[in-house]
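Let us take a friendly walk through a protein fold, one strand at a time. Keep the picture beside you as you read.

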Amino acid sequence: MNGAAYGPIELPASVWQRIDTRAALADRNMAALLRLVQRHAGVSQARLAIAVGLGQGRVNEIINGKRSVTRIDVFERIAEGLTMPTDARAVLGLASTRPIAPGTLTGQAEIARAYPSQADVARELRRLAATSALVDILAVRALGLVALSDSLLHGPLTSRETPVQVRVLLLDPVSAAASTRAEEIGESTEAFEAGIRLSLARLAELDDHPTVRLDARLYGDLPTWRLVGFDDTLYLSAFGTTHEGHRSGVYELAAAANGVLHSGFRRYFDDLWCRARLPERTK
């Protein structure tokens with residue numbers, strides 16, 4: 001499969017779709033990923049080191065868990081050296097290398113489309129939920145978005161046959177921001193917090209789903225942005241002081257060369273994810 005002694009390593013497309021490969025990418029576990037590459041490509045550590053542009057000693061340390069990969073340029077080296085496809089790069093949290101979509105604005109904006117509300121883009125959101133490898137959700141309770149069985153994305157996600165990584169950020173019910181948000185929309189703090197806990201409980205029911213790998217975390221910032229991301233496309237709306245995010249206008253942001261919005265909000269989500277806490281789940 002990889003007879004050449006130099007240059008990138010190419011894996012069968014099926015390897016990138018494996019659940020264990022997706023899990024390694026989502027966790028940014030390069031030790032697990034490189035071991036999978038060795039197993040499925042039949043290459044040595046020396047060959048891996050040449051492909052990804054790292055020293056053999058460093059690759060050995062990564063594979064054996066003695067060194068972690070944290071720098072984005074090293075993730076990029078590994079992605080390039082393994083000829084990582086676009087959807088796998090997205091799960092790893094890297095920008096796409098595919099050509100810019102026709103009609104996409106570049107430079108200081110990459111707003112592909114604008115919609116009056118979530119209802120006007122619901123059909124497209126369901127379509128992407130059924131096909132994307134990575135789905136990111138930043139919401140407050142997400143009951144109408146993903147948590148309930150009749151919510152917008154629940155059906156498309158749970159009925160698909162290919163694996164999908166889903167990251168859900170919900171407002172921390174014990175944070176000061178939760179009390180503030182409840183007051184803004186005229187709900188009691190108790191009812192508002194109960195809605196978030198209900199969402200967590202329903203999302204936990206997907207823990208054993210065969211194709212959906214869902215992780216939920218809780219953030220404590222005052223809700224401002226509502227984001228739904230599918231691989232290289234983000235749908236952005238806002239929480240107002242008197243209205244919920246699904247009633248806001250929605251901007252479709254597509255990855256574009258030299259763009260700032262898509263990359264900025266992708267970085268915003270990833271930073272919030274890193275700072276968020278894990279919920280206490282009971283089953």
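## The sheet and its edges

Seven strands make up an open sheet with mixed pairing, and their order across the sheet is E1-E7-E6-E5-E2-E3-E4. E1 and strand E4 (212–219) are at the edges with a single partner strand each, so one side of each has no neighbour in the sheet. On average, neighbouring strands of this sheet are turned by 15° against each other, direction ignored. For such angles, axes are lines fitted to C-alpha atoms (for helices over the stretch in contact), and angles run from 0 to 180 degrees between N-to-C directions.

Before going further, note that this is a predicted model: local features need pLDDT of at least 70, side-chain atom pairs count only at pLDDT 80 or more, and totals for chains, interfaces and linings use all residues. Residues are numbered from 1 along each chain as its sequence is written, and side-chain values use heavy atoms, with hydrogens and water left out.

A few terms help here. Helices (H or I, at least four residues) and strands (E, at least two) are DSSP runs, numbered from the N terminus. Two strands pair if DSSP finds at least two bridges between them.

## How the strands pair

The table lists strand pairs with their bridges and sense.

| Pair | Bridges | Sense |
|---|---|---|
| E1 and E7 | four bridges | antiparallel |
| E6 and E7 | four bridges | antiparallel |
| E5 and E6 | six bridges | antiparallel |
| E2 and E5 | four bridges | antiparallel |
| E2 and E3 | five bridges | parallel |

Now put residues on these pairs. Strand E1 covers residues 111–115, and Arg113 stands opposite Glu252 in E7. Strand E6 spans residues 233–238, and Leu236 faces Tyr251 of E7 as its opposite residue. For the parallel pair, strand E2 takes in residues 134–138 and strand E3 residues 164–171. Ile137 has Val168 as its bridge partner in E3.

Where does Gly229 fit in? Gly229 in E5 is the bridge partner of Asp136, and Gly229 also stands opposite Leu234 in E6.

Are the residues of E7 mostly buried or exposed? In strand E7 (residues 250–254), four of the five residues are buried. Here buried means under 20% relative accessible area, exposed means over 50%, and partly exposed lies in between (1.4 Å probe, protein chains only). Strand E5 (residues 225–230) has five of its six residues buried, so the rest of the structure largely encloses E5.

## A turn with an unusual angle

The hairpin of E5 and E6 has two residues between the strands. Asp231 lies in this loop between E5 and E6. Although Asp231 is not a glycine, its phi is positive, at about 50°. Why is that worth a second look? Most residues other than glycine have a negative phi, and most peptide bonds are trans.

Asp231 counts as buried because its relative accessibility is 18%. The side chain of Arg266 reaches the backbone oxygen of Asp231 at 3.2 Å. This is a polar contact: a pair of N or O atoms within 3.5 Å, where within protein one must be able to donate a hydrogen and the other to accept it, and residues adjacent in sequence count only if both atoms are side-chain atoms. Arg266 sits in helix H13 (residues 261–275). Arg266 is buried too, with a relative accessible area of 12%.

Arg28 is another residue that is not a glycine yet has a positive phi, of about 55°. Arg28 belongs to the loop between helix H2 (19–26) and helix H3 (30–41). With 30% relative accessibility, Arg28 counts as partly exposed.

## Asp221 and a cavity

Asp221 is in the loop between E4 and E5. At 28% relative accessibility, Asp221 counts as partly exposed. Its C-alpha atom is separated by 8.8 Å from that of Ala178, although the two residues are 43 apart along the chain.

Asp221 also helps to line the second largest cavity, along with residues including Leu138, Trp225 and Tyr268. A cavity is a set of points on a 1 Å grid over the protein atoms alone where a 1.4 Å probe fits but cannot get out, and lining residues have an atom within 4 Å of a point. The second largest cavity holds about 30 Å³ of space, a volume being the space filled by probe spheres set on the points. Its lining has seven nonpolar, one polar and one charged residues. In this count Ala, Val, Leu, Ile, Met, Phe, Trp, Tyr, Cys and Pro are nonpolar, Asp, Glu, Lys and Arg are charged, and the others, Gly among them, are polar.

How values were computed:
1 Å grid on protein atoms, 1.4 Å probe; cavity = no way out; pocket = protein on both sides within 12 Å on 5 of 7 lines; lining within 4 Å.
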